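Biologist: I would like a close look at one part of this model, taken strand by strand. Please warm up with a small example, then show me what surrounds that part.

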Amino acid sequence: MAQYSRVSGTVGLITLLNPPVNALSAAVRQGIVDTMDKALSDRKVKSVVICGHNGKFCGGADIREFSSPLTGPPLIPLIQGVESAAKPVVAAIEGVALGGGLELALGCHYRIAHSKARLGLPEVHLGLLPGAGGSQRLPRLIGVPAALDLITTGRHVTGAEALQLGLVDKVTDRNTVDEAVKFALSVADQPPNSRRVSTFPCPRHPDLDALFEGAMQRVRQRARGALAPVACVQAVRAAATLPYAQGMERERELMATLFTSGQARAQQYHFFAQRAVGRWSMPSGARWDTTKPGAVHKAMVIGLGTMGRGISVALVQAGVSVVAMETNEKQLMEAKQAISSMLERGAKRRGVAPALDKIGYSSNMEPAADVDLVIEAVFEDMALKKKVFQQLSALCKPGTFLCSNTSGLDIDQLASETRHPELVVGMHFFAPAHVMKLLEVVYGSRSSPQAVATAMELGKQMGKVSVAVGNCRGFVGNRMLKPYLEQAFFLLEEGTTPEFVDQVLEEFGFAMGVFRMSDLSGLDVGWRVRKADGLLNASEGHSARIRQGCRYSPLGDLLCEQGRFGQKTGRGWYQYDKPGGRVAKPDPWLHGFLEKFRTQHGLVARRIDHQEVLERCLYALMNEGFRILEDGIAAGPEDIDVIYVLGYSWPPHRGGPMFYAGMVGLQKVLERLEHYHQEHPDIPSLKPCNLLRNLVVNGSPPVHKWREFLKKPQSQL
Ligand SMILES: CC/C=C\CC(=O)SCCNC(=O)CCNC(=O)[C@H](O)C(C)(C)COP(=O)(O)OP(=O)(O)OC[C@H]1O[C@@H](n2cnc3c(N)ncnc32)[C@H](O)[C@@H]1OP(=O)(O)O
């Protein structure tokens, strides 16, 4: 709703009231209509200020209302009504003015913002465009290039940057509402006719065609099949080339297409899923809202390879003092330099001073005695990690949390090396750790709720979306990756090429296909794990393509035996100009190698189509996701989906693997898995899991109802 009062004698003050972000729900929209009527009909009122309750102007349209039919006054005529008011209307922007919130402010005649307020049109991240006149008013106000940038990236700008762009009229560091009221008093006698943004001509640009062609090319490259960024460019083009009324009509048409595309639903699901994962719980019943995290003022990072460096930077940037430790002197020197320059670059980007004084270095473990939390980021080797945990347990003061950045090793085994296993959790970062938004927080069977709460909170402090997951091989993300990779290898054996598989997956929306991704992360990583698992050699009398009774593809191992580790060696599934080269080119050697392999193993190459690549890779991955839910390793489908979108480049406009399963139809996923499992009975990951069957038997409920079908979670190890 909206509150109304008259202040300073002649200013009508409208306060949007819908905590926590004053989203424009039906009640708020009705409130604005009613209070505007009041202000305009009150003869004592000469000007109007619109502000938001509790220091937040407005977080935009109420996204929760998008899934049901519209009730209450629609936003476009409401904003039109504000703009056409005969009395000057001033927006007092504090906290946030996003989406419909900024569009409302664009309908006002003046905008006064706090210098730290955040303004933006982030609809593109929800699969939409600024469809309440924002795509038409913003270019008229700040010009086409700046509007294209804000609308297609959805980025927020501060009040200070907004002033430079011409988006606001004045910026203040004082109380914004008081300043806006003063401003409203000063313009009370000025008719607002010349202040209506919809009547402004769009500023001219010397070469509109080239500008839009360039913008379209850029968004198509980044969009990975998402429709919204493309529609955003089309809408701004309409603003630049058509009269306002026709531009609004084009905005409406484009918005209608997006609304019904399915992508918007997926992206809105992702928005809420990112928030839902913060409300974690553990099998013991411990929860986010009943567990207090421990304080972390000082942390230690052990091992300064790529991950340790990124983690150190992320901690320092979050305001935590860090001791970064590395036993190898040469590596330590290199790490010091790399970390300093990462901190300097980050600070420059954020316009602050680099916090170089927040980090110290050590070549031994002793400083561990004086820290609140340790993150171990040594080489992925259980024996080595165990040794580190034994040492830490002996050195650390009581209550120090011990975390491992393992990407899949058993947290319980590490915990059992310590005197206080309840203080041990996994903190699985994703490379580069100071950039990637995802953190998997892994609780073992003895991890205390406080240890989990502390890791979750620290993740949040570092600007990450933290997801609490149970302890099993590979946790959630890497466990699901295994059947996905396996299918890709099997498809090569059966007749296709890495280029085709990658092309199909990239067309689906992954930033990189599975083979390009393997080349980037290094083929030797998986090779080492398989070696440790005793998978490299076939047992006597068994085919080279069978291990532990199941189908196995030795292709990756054979490449590693040739020294083909991917980008770093200049050869992998592709060839590169040089070791460390980035441009993947098809490699005739690899094609010959695959042919020879097939002949050797009596395999006849067959034609594999687009559909089979997608279904075999993705449905196997989704099936593992259902197993993870069944096992209680993830508390709900949102956890898995957030992990995949933020950590594994699953396209956000497809929601995440579990959401996507629902979009395809659970019945169809089940049938196709049954079909492929019948064809390949020696591949257990293709056997549909019980939860999937159960959901289908129960009428394929929507994803938000799946939790009702999950058993109480328990540790797998
Ligand atoms: C015709 C169509 C016209 C216009 C289209 C639109 O306006 S679409 C909406 C555009 N707005 C946005 O995309 C903003 C989305 N919100 C945010 O980016 C952040 O929430 C925000 C405002 C920056 C605040 O961030 P903060 O970290 O402080 O809080 P958090 O994200 O956890 O949000 C708190 C709770 O508020 C809920 N929420 C936020 N925005 C909206 C919204 N627009 N509609 C509905 N609900 C919203 C959010 O889900 C959180 O809820 P909770 O139950 O606590 O998880």
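Modeller: Two residues are in contact if their C-beta atoms, placed from the backbone, lie within 7 Å. Keep in mind that this is a predicted model. Now the warm-up. L165 touches I142, A146 and V157, leaving out residues up to four places away in sequence. L165 belongs to helix α6, residues 159–165. Is L165 buried or exposed? Neither label fits: L165 counts as partly exposed because it has 17 C-beta neighbours inside 10 Å. A buried residue needs 20 or more. Another distance helps to place L165. Its C-alpha atom is 8.8 Å from that of G143, which lies 22 residues away along the chain.

One of those contacts, V157, leads to a sheet. V157 is in β8, where it stands opposite L119. L119 sits in β7, residues 118–120, and β7 pairs with β8 in the antiparallel sense over two bridges. The sheet is open and has three strands, in the order β5-β7-β8, with mixed pairing. Its edges are β5 (96–98) and β8 (157–158), and each of these pairs on one side only. Helix α3, residues 100–107, lies across β5 and β7 and runs at about 90° to β5.

Now for the part you asked about. Look at residues 299–471. UniProt, in an unreviewed entry, gives them the annotation "domain: 3-hydroxyacyl-CoA dehydrogenase NAD binding". This stretch is 38% helix and 23% strand, and its end C-alpha atoms are 23 Å apart. The domain assignment draws similar ground as domain 2, from 298 to 476.

Here you find an open sheet of eight strands, with mixed pairing. The order is β12-β11-β10-β13-β14-β15-β16-β17. β12 (359–362) and β17 (465–470) stand at the edges. Each has a single partner strand, so one side of each is left without a neighbour in the sheet. Neighbouring strands are turned by 25° against each other on average, direction ignored.

Zoom in on β15, residues 424–429. How many of its residues are buried? The count is six of six, so to speak a strand mostly covered. In a regular strand the side chains alternate between the two faces of the sheet. Check that here. V424, G426 and H428 point one way from β15. V425, M427 and F429 point the other way, and all are buried.

Next come the partners of β15. On β14, residues 401–404, the pairing is parallel, over three bridges. There S404 has G426 of β15 as its bridge partner. With β16, residues 438–443, the pairing is antiparallel, and five bridges join the two strands. M427 has V441 of β16 as its bridge partner. Step on once more. β16 and β17 pair in the parallel sense over six bridges. L438 meets its bridge partner V465 in β17.

A helix lies over this region. Helix α16, residues 449–461, lies across β13 (373–376), β14, β15, β16 and β17. Its direction is at about 175° to β16.

These strands also feed a core. The largest nonpolar core has 135 residues. Among the members that touch the most others are V425, V441, V452 and A299. Take A299 as an example. Its contacts include L315, V320, V322 and V374, leaving out residues up to four places away in sequence. Apart from this core lies another one, of 84 residues, among them A61, L106, V144 and V233.

Finally, look outside domain 2. Domain 3 covers 496–600. The C-alpha centres of domain 2 and domain 3 lie 31 Å apart. Helix α19, residues 514–521, is worth a stop. Six of its eight residues are buried, so α19 is largely enclosed by the rest of the structure. The buried ones are V514, F515, R516, M517, S518 and D519. Their cover includes α17 (477–494), α18 (498–508), α20 (523–532) and α23. Just after α19, G522 takes a positive phi of about 100°.

Definitions and conventions. Residues numbered from 1 in each chain as written. Predicted model: local features only at pLDDT ≥ 70, side-chain atom pairs only at ≥ 80, totals over all residues. Core = buried A, V, L, I, M, F, W, Y, C linked by C-beta atoms within 7 Å. Buried ≥ 20, exposed ≤ 12 C-beta atoms within 10 Å, placed from the backbone. Domains from an automatic or database assignment. Pairing = 2+ DSSP bridges. Helix = DSSP H or I, 4+ residues; strand = E, 2+ residues; numbered from the N terminus. Axes fitted to C-alpha atoms, helices over the stretch in contact; angles between N-to-C directions. UniProt positions renumbered as here; feature names shortened; annotations may be inferred.
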